[in-house]
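Subject: A structure for you to look at

Hello,

I am passing on a structure that you have not worked with before, and below it you will find my notes on what turned up. Please have it open while you read.

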Amino acid sequence: MAEARSAVSEPRVGRIEEGRNPKEDFLLGLRAYVIRRFFRIRNSIKNGMWPTKLWNLEVLIGLLSILLVTDWSIAQPITAKLRWMEECLHIPKEWPLLVRSLLTSCVAGFVFFIILLYIRRYSLRILLSYRGWMYEQPKTQALSTVVWGLLVKLVSGSHPSLYGCQQSLPKQPVPPLKQTLKGLIESLKPLYGENSEIIQDLKKESKEFQKTLGPKLQRILYLKSWWAQNYVTDFWEKYVYLMGRSPLPINSNYYIMDQSFGQPTTNQVARAANVMYQFMLVKQKIDREQVEPLLIRNTIPICMSQYERVFSTTRVPGEEMDTLVHYESSESKFAIVNRKGIFYKLDMYDSNRKLVSAVSLQKQLHWIMQDAEKHIESYSESERSLAALTGTERKEWAILRKQYFMDGVNADSLALMEKALFHVWLSDDVNKDFSSRARHLFVGDGKSIWFDKSLTLIISRDGRFGLNGEHSYADAPVIGHILEYNYTYEVIRPHIYFDEYGNCRSTPDDNVESDLNQPSRLQWNIPSSLGSAVKRAVSIVSQAMDDIDHRVEGFFNYGKGFIKTCKVSPDAFIQMALQITYYKNAGKPCLTYESSMTRLYLMGRTETVRSLTLESAAFVKAFLDKTIDKSEKIRLLRKACEVHAKMYKDAMNGKGIDRHLFALYVVSKGLDYDCHFLKKCLSIPWTLSTSQQPQQQLASSPSCDIPEYRDMVSPGGGFGPVSDDGYGVSYMIPGDFKFFFHVSSKKSSKCTDSTLFMTQLFETLDEMKDLFENNAS
């Protein structure tokens, strides 16, 4: 169909570069290659030397040279050693003293520099393995912790590159087996009852596991932790994400929204152009490693490895397992733009290898909008709905990909789709409330988001922007950090990026129009059998979309500021509110998952905090009992919050339960053991899956509490429910005056109702505040 259409329609769009000098093209390509290699080599050297710096070597050589030339008596022991080294190097005596001294100093200085490098690197790794600081409040830290912090800053130096700290990060430890199993049993007691038959059976099976298979599996994990960068991360990526056969939308992908109320422009193509340009600036910073590692308490670095695959990455479907493919910058210099189901290749660099400016992008996007209108009739509904294939079961999509997309025009177009830096969807939708905006970013219309792609930027007709992200290569906080560059600059400098008419503002660096390559339409060949498969895919994705019950709302009665006066952790306070809400909603407690990061360790990703505890269950029971006075409820709340906060810190410190159990299970399967105990423990459904979204990861971000910025903060993003009969809840705590909640569930379940859950949650938050009203506690 595509070949037939191209025979009768106008030629494929694209500027024919007539009269270009081949020598000029070669020199431009060589220049781009040299620049790219320069930054890679420079960053490799810089990272290899960190936490030392080149000036350390220069100073060392200078000092040794001065000692040799001046021959001070006080430094005789050092100069004697240097003279001995000079003899060992067989430097001729007839050479001038200055030359001999300089050569000797260079060799000695280099040796001392390497020794200093490894001493500092391993000292820092030992220092970063200390975790006592996390259990102390910054204002009440012990003297030993203060001294430790000063040592970390002294040893680590300043301004590391993006990946500079990686070699100094400690490896994630394997928790003791007994500790993990004890924590598991404790976490299940409030679910089944402390003395229930299920708990007694689990205790017996746990003891048996510790005596038989457990120690063997534990030893293997210990061995792996010695040679692997992380004992569990590769297992997690492979078996949880890439071997998952469920469709990506709702089950894996997530979304992130833009500003809650304000927006810099209502011009769709201007907003899209600026967002694309800002993303490219961040990509350049990542490629050049100019983004500094994130620091906790401005001291402790975290792992930044996930940033490497944010751009130019695609999840390729396989019948048994998917593959993450990341393309080098040399072959991924363009974005794919979707307008009305027609895909366009849009170069992000001009013919001089210069980044295309926002103004030029706006013009090209405007051209795409017009071109799509002209050619929409020549594309069949199946061609314009191809993206739905990426929303089906992974095995089915893999089979169709192999059958129809391995040669000819389909292979060429698919290669462009997968190699792109990111995708952009210029949507016709206008969604005013939070819930409809979020739903549009989450699943779109079911046939326009290429769910395999690492990033899809979605810009609505009214200029609203958001993102749909594939989950396997990186976790949402990484993408949130990158988005903050765009959100922050749009908020604090809108006049720099947009003119009074909402268009992108021109700058002296705008591209010469003749240097721009026009966008080109992607062509597809859709036989009737593939067309039928596309229609089935659209139907499948549409059914899944229709089944999602999704609510996003802001809570504006109070925020983190009030919770601080209650002397509890804000995150723990929200988790207790969720426990109460679920009990109101379902009449019983449930196993609750809260995501925590483990990026304090090399290649760390996430760990589970089991929010349902005996203490939280006791608080919920007391809270709903009107006969118990407020002071007792407050006491139980603080106790439950204290336990939760410690569990969260333990999870960040590699002392969690679930990743350890998961790794044990993977090893048992690899050794061909069928461990009923591990399988049973890991099969208990997470009825309530929750996650707090980080905000203000940029040091330059203005405070969310400044009045002129309060309405500009993002409500964050969300995800689907893990259990068919459960809820997925994400929340943002942006400053002292508000919260944002994202609640998802399935309409097909008789056990859930997202609207009711949200109503009960807000009711609970108000009731929890009432606990502290007129109460001296």
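Two strands are said to pair if DSSP finds at least two bridges between them. With that in mind, there is an open sheet of six strands in the order E12-E18-E17-E15-E13-E14, and its pairing is mixed. At its edges are strand E12 (548-555) and strand E14 (606-610), each of which pairs on one side only. On average, neighbouring strands in this sheet are turned by 20° against each other, direction ignored. Please keep in mind throughout that this is a predicted model.

Within the six-stranded sheet, strand E17 (residues 727-732) and strand E18 (residues 739-746) run antiparallel and are joined by five bridges. If you want a spot to zoom in on, Tyr731 stands opposite Phe741 in E18. A helix also belongs to this picture: H23 (residues 658-670) lies across strand E13 (592-597) and E14, and runs at about 120° to E14.

**The other sheet**

Eight strands make up another open sheet, ordered E11-E7-E6-E8-E9-E10-E1-E16, again with mixed pairing. Here the edge strands are E11 (520-521) and E16 (717-718), each pairing on one side only. Strand E8 (residues 423-426) runs parallel to strand E9 (residues 455-459), and four bridges join them. One place to see this is Val424, whose bridge partner in E9 is Leu457. As general background, strands of a sheet pair through backbone hydrogen bonds, either parallel or antiparallel.

Two helices are worth finding next to these strands. Helix H11 (residues 268-287) packs on the sheet and touches strand E6 (334-339), strand E7 (342-347), E8, E9 and strand E10 (465-469); its direction makes about 155° with that of E9. Helix H12 (residues 358-375) lies across E6, E7, E8 and E11, running at about 155° to E7.

Which residues does Tyr255 touch, leaving aside its neighbours within four places in sequence? Its contacts include Ala438, Leu441, Phe442, Leu467, Asn468, His550, Val552, Gly717, Gly718, Phe719 and His742. Tyr255 sits in strand E1 (residues 254-257). Its relative accessibility is 1%, so Tyr255 counts as buried. The C-alpha atoms of Tyr255 and Phe442 are separated by 5.3 Å, although the two residues are 187 residues apart along the chain.

**Salt bridges**

How many salt bridges does a search of the whole structure find? The search finds 36. In general, side chains of opposite charge can pair when their charged atoms come close.

Glu470 and Arg315 meet through their side chains in a salt bridge (3.0 Å, N to O). This pair links distant parts of the chain, 155 residues apart: Glu470 is in the loop between E10 and helix H16 (476-492), and Arg315 is in strand E4 (residues 313-316). Glu470 counts as buried because its relative accessibility is 1%, and Arg315 counts as buried at 2%.

The side chains of Arg394 and Asp452 also meet in a salt bridge (2.8 Å, N to O). Arg394 is in helix H13 (residues 394-404) and Asp452 in the loop between helix H15 (434-443) and E9, 58 residues apart. Arg394 is buried, at 0% relative accessibility, and Asp452 is buried, with a relative accessible area of 1%. These four residues belong to a network of salt bridges made up of Arg245, Arg315, Asp322, Arg394, Asp452 and Glu470.

Lys584 and Glu763 form a salt bridge too, with their closest N and O atoms 2.9 Å apart. Lys584 lies in helix H20 (residues 570-586) and Glu763 in helix H25 (residues 754-772), so the pair ties together parts that are 179 residues apart in sequence. Lys584 is partly exposed, with a relative accessible area of 24%, and Glu763 is partly exposed at 39%.

**On the surface**

Leu89, Val107, Val111, Phe112, Ile115 and Ile119 form a nonpolar surface patch, with about 470 Å² of accessible area together. Of these, Val111 is placed in helix H5 (residues 97-128) and is partly exposed, at 37% relative accessibility.

His90 lies in the loop between helix H4 (76-88) and H5. It has a phi near 60°, a positive value in a residue other than glycine, and His90 is exposed, with a relative accessible area of 68%.

Enjoy exploring it!

Definitions and conventions: Residues are numbered from 1 along each chain as its sequence is written. This is a predicted model: local features need pLDDT of at least 70, side-chain atom pairs count only at pLDDT 80 or more; totals for chains, interfaces and linings use all residues. Side-chain values use heavy atoms; hydrogens and water are left out. Patches are made of residues with over 30% relative accessible area and no salt bridge: like charges are joined within 9 Å, nonpolar side chains (Val, Leu, Ile, Met, Phe, Trp, Tyr) within 5 Å. Accessible areas come from the Shrake-Rupley method with a 1.4 Å probe; for residues, only the protein chains shown count as cover. Buried means under 20% relative accessible area, exposed over 50%, partly exposed in between (1.4 Å probe, protein chains only). Contact means heavy atoms within 4.5 Å. Axes are lines fitted to C-alpha atoms, for helices over the stretch in contact, and angles run from 0 to 180 degrees between N-to-C directions.
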